[in-house]
Amino acid sequence: MYHNQAKQKGNLLIMSVVVMVVVGYLSLNLFKVETSNHDTVSKEVLGTQAWFLAHSGAEWGLVQLFPLGISGADDSICDGIARYPEMVPKKSGCNTAPAVVCQKLGVSYNNEIIQYFKITSTVVCGTGINQVTRAQEVWAKEIE
């Protein structure tokens, strides 16, 4: 069979355009996957920072509730008002201190009132699409 060279001159150009379109499409999808991976890692780091900061806020609330050297609980912080201890590290993604709220709950048991304390610490880290919130709750019981 005889092939005419003049009729096949445009094939290479068409194949080059097709290959460039396919490679461009694949690289665009790879870029989207990488961007999504970056957002996931950012949220994970901010979530871990917020979790530890909320944990620290809950511990701060327990120290305020049960100070060293005092027998029993100092329930003056258990009024349901949020307190913001200064513990935000510099250069972190968390731009606010944890909101620590203590509530006092009395439970009747065998004609006796037992005091329980609920300490809730909430932290918000990040902004916009990368904003995460973590909350930790601690329950304590007053022992006499």
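**Exercise 1. The environment of Gln 115**

Task: In this predicted model, determine whether Gln 115 is buried or exposed, and establish which residues Gln 115 touches beyond four places in sequence.

Solution.
Step 1. The relative accessibility of Gln 115 is 18%. The limit for a buried residue is under 20%, and Gln 115 therefore counts as buried.
Step 2. Gln 115 belongs to strand β2.
Step 3. With residues up to four places away in sequence left out, the contacts of Gln 115 are Lys 104, Leu 105, Gly 106, Ala 140, Lys 141 and Glu 142.
Step 4. One of these contacts, Gly 106, is situated in strand β1. Under the same exclusion, Gly 106 touches Ile 113, Ile 114 and Gln 115.
Step 5. Gly 106 and Lys 141 are 35 residues apart along the chain, and a distance of 10.0 Å separates their C-alpha atoms. Gln 115 has both Gly 106 and Lys 141 among its contacts.

**Exercise 2. The pairing of β2 and β3**

Task: State how many bridges join strand β2 to strand β3, and identify which residue of β3 stands opposite Thr 122.

Solution.
Step 1. Strand β2 covers residues 112-125 and strand β3 covers residues 132-141.
Step 2. The two strands run antiparallel and are joined by 10 bridges.
Step 3. The residue of β3 that stands opposite Thr 122 is Ala 135.
Step 4. Between the strands of this hairpin there are 6 residues, and Gly 126 takes a positive phi near 85°.

**Exercise 3. Positive phi outside glycine**

Task: In the loop between β1 and β2, examine Asn 110 and Asn 111; what is the phi of Asn 110, and what is the phi of Asn 111?

Solution.
Step 1. As background, most residues other than glycine have a negative phi.
Step 2. Asn 110, although not a glycine, has a positive phi of about 55°.
Step 3. Asn 111 is likewise a residue other than glycine, and its positive phi is near 55°.
Step 4. The accessibility of each residue completes the description. Asn 110 has a relative accessible area of 63% and is exposed. Asn 111, at 83% relative accessibility, also counts as exposed.

**Exercise 4. The disulfide**

Task: Find how many disulfides the model contains, and determine whether the disulfide of Cys 78 and Cys 102 is right-handed or left-handed.

Solution.
Step 1. The count is 1 disulfide.
Step 2. The disulfide is formed by Cys 78 and Cys 102, whose sulfur atoms are 2.0 Å apart. The criterion requires sulfur atoms within 2.5 Å.
Step 3. Cys 78 is in the loop between α1 and β1, whereas Cys 102 is in strand β1, so the pair ties together parts that are 24 residues apart in sequence.
Step 4. Because the torsion about the S-S bond is about 50°, the disulfide is right-handed.
Step 5. Cys 78 counts as buried at 12% relative accessibility, and Cys 102 counts as buried at 2%.

**Exercise 5. The salt bridges**

Task: State how many salt bridges are found, and identify which residue forms a salt bridge with Asp 75 and which with Arg 83.

Solution.
Step 1. The count comes to 2 salt bridges. The criterion is a side-chain nitrogen of Lys or Arg within 4 Å of a carboxyl oxygen of Asp or Glu.
Step 2. Asp 75 forms a salt bridge with Lys 104, and the closest N and O atoms are 2.4 Å apart.
Step 3. This pair links distant parts of the chain, 29 residues apart: Asp 75 is in the loop between α1 and β1, and Lys 104 is in strand β1.
Step 4. Asp 75 is partly exposed at 30% relative accessibility, and Lys 104 is partly exposed with a relative accessible area of 38%.
Step 5. Arg 83 forms a salt bridge with Asp 79, and the closest N and O atoms are 3.0 Å apart.
Step 6. Arg 83 is partly exposed at 24%, and Asp 79 is partly exposed at 39%.

**Exercise 6. A nonpolar surface patch**

Task: Identify which residues make the nonpolar surface patch of about 500 Å², and determine whether Leu 26 is buried or exposed.

Solution.
Step 1. The patch is made by Ile 14, Val 18, Val 22, Tyr 25 and Leu 26.
Step 2. Leu 26 lies in helix α1, which covers residues 11-65.
Step 3. The relative accessible area of Leu 26 is 53%. The limit for an exposed residue is over 50%, and Leu 26 is therefore exposed.

Note on methods. Residues are numbered from 1 along each chain as its sequence is written. This is a predicted model: local features need pLDDT of at least 70, side-chain atom pairs count only at pLDDT 80 or more; totals for chains, interfaces and linings use all residues. Side-chain values use heavy atoms; hydrogens and water are left out. Two strands pair if DSSP finds at least two bridges between them. Helices (H or I, at least four residues) and strands (E, at least two) are DSSP runs, numbered from the N terminus. Patches are made of residues with over 30% relative accessible area and no salt bridge: like charges are joined within 9 Å, nonpolar side chains (Val, Leu, Ile, Met, Phe, Trp, Tyr) within 5 Å. Accessible areas come from the Shrake-Rupley method with a 1.4 Å probe; for residues, only the protein chains shown count as cover. Buried means under 20% relative accessible area, exposed over 50%, partly exposed in between (1.4 Å probe, protein chains only). Contact means heavy atoms within 4.5 Å.
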